[in-house]
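Let's take a walk through this chain together, stopping at a few places along the way. Keep the viewer open and rotate as you read.

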Amino acid sequence: MQRGSDRLSVHRDDEMKHELQGLLRSGHPTRAEEWHDPEPAADDDPEVWGGPVGGLGSPATLERTRLELARHLGRHAFPAKAGELARALRRSNAPGGLVDAVAGLRHGHRYENAQAVAEALAGGA
């Protein structure tokens with residue numbers, strides 16, 4: 001419903017949308033000055049994500065580990081053994097460091113929730 005407060009008429013608005021449609025769908029930058037565009041990441045840039053098990057030399061904290069587990073595992077994944085959790089993490093495209101850390105946990109032990117897994121990972125059990 002038009003309220004009559006637009007600067008342009010409905011017809012001019014549609015005309016402008018049509019003019020810009022090709023530019024917006026092209027996938028190219030829409031700015032005239034290059035310095036406004038963000039610079040793409042280089043191949044030799046360090047990874048921003050440090051991972052749940054330390055990353056860049058810092059020890060893993062319980063909170064960081066639990067956060068990473070919660071991002072990739074739902075409540076339906078528990079209770080489960082380490083192998084089952086590692087498979088669930090792979091299916092959810094979790095980072096390799098997290099999958100490897102969970103896969104390296106003690107086999108045969110069932111974990112009831114993400115807190116128990118995080119404690120095992122952060123404590124090195």
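Leu23 sits in helix α1, which covers residues 10-25. This model is a predicted one, so each value here is computed from it. Is Leu23 buried, partly exposed or exposed? Its relative accessibility is 39%, and because the partly exposed class runs between 20% and 50%, Leu23 counts as partly exposed. Together with Leu20 and Leu24, Leu23 makes a nonpolar surface patch of about 290 Å².

Now step back to see where that helix fits. The chain has five helices and two strands, and from the N terminus on they follow the order α-α-β-α-α-β-α. The chain is 125 residues in length, and 22% of them count as buried. About 9600 Å² of the chain is exposed, with 51% of that area supplied by carbon and sulfur atoms. If you like contact statistics, take the contacts between residues at least 6 apart in sequence: 46% of these join residues at least 24 apart.

Moving along, look at the loop between α2 (62-72) and β1 (80-81), where you will find Pro79. What kind of peptide bond joins Phe78 and Pro79? The bond is cis, with omega at about -10°. Most peptide bonds are trans, and most residues other than glycine have a negative phi.

That second tendency leads on to Asn93. Asn93 is not a glycine, yet its phi is positive, near 55°. Where is Asn93 placed? It belongs to the loop between α3 (82-91) and α4. The relative accessibility of Asn93 is 66%, and because over 50% means exposed, Asn93 counts as exposed.

Our last stop is His109, in the loop between α4 (96-103) and β2 (110-111). With a relative accessible area of 32%, His109 is partly exposed, a label it receives because the value falls between the 20% and 50% cut-offs. Which residues does His109 contact once its neighbours within four places in sequence are left aside? They are Ala80, Lys81 and Ala82. For one of these, Ala80, the separation from His109 is 29 residues in sequence and 8.3 Å in space, taken C-alpha to C-alpha. These partners also bring us back to a stretch visited earlier, since β1 spans residues 80-81 and α3 spans 82-91.

Note on methods
Residues are numbered from 1 along each chain as its sequence is written. This is a predicted model: local features need pLDDT of at least 70, side-chain atom pairs count only at pLDDT 80 or more; totals for chains, interfaces and linings use all residues. Side-chain values use heavy atoms; hydrogens and water are left out. Helices (H or I, at least four residues) and strands (E, at least two) are DSSP runs, numbered from the N terminus. Buried means under 20% relative accessible area, exposed over 50%, partly exposed in between (1.4 Å probe, protein chains only). Contact means heavy atoms within 4.5 Å. Patches are made of residues with over 30% relative accessible area and no salt bridge: like charges are joined within 9 Å, nonpolar side chains (Val, Leu, Ile, Met, Phe, Trp, Tyr) within 5 Å. Accessible areas come from the Shrake-Rupley method with a 1.4 Å probe; for residues, only the protein chains shown count as cover. A salt bridge is a side-chain nitrogen of Lys or Arg within 4 Å of a carboxyl oxygen of Asp or Glu.
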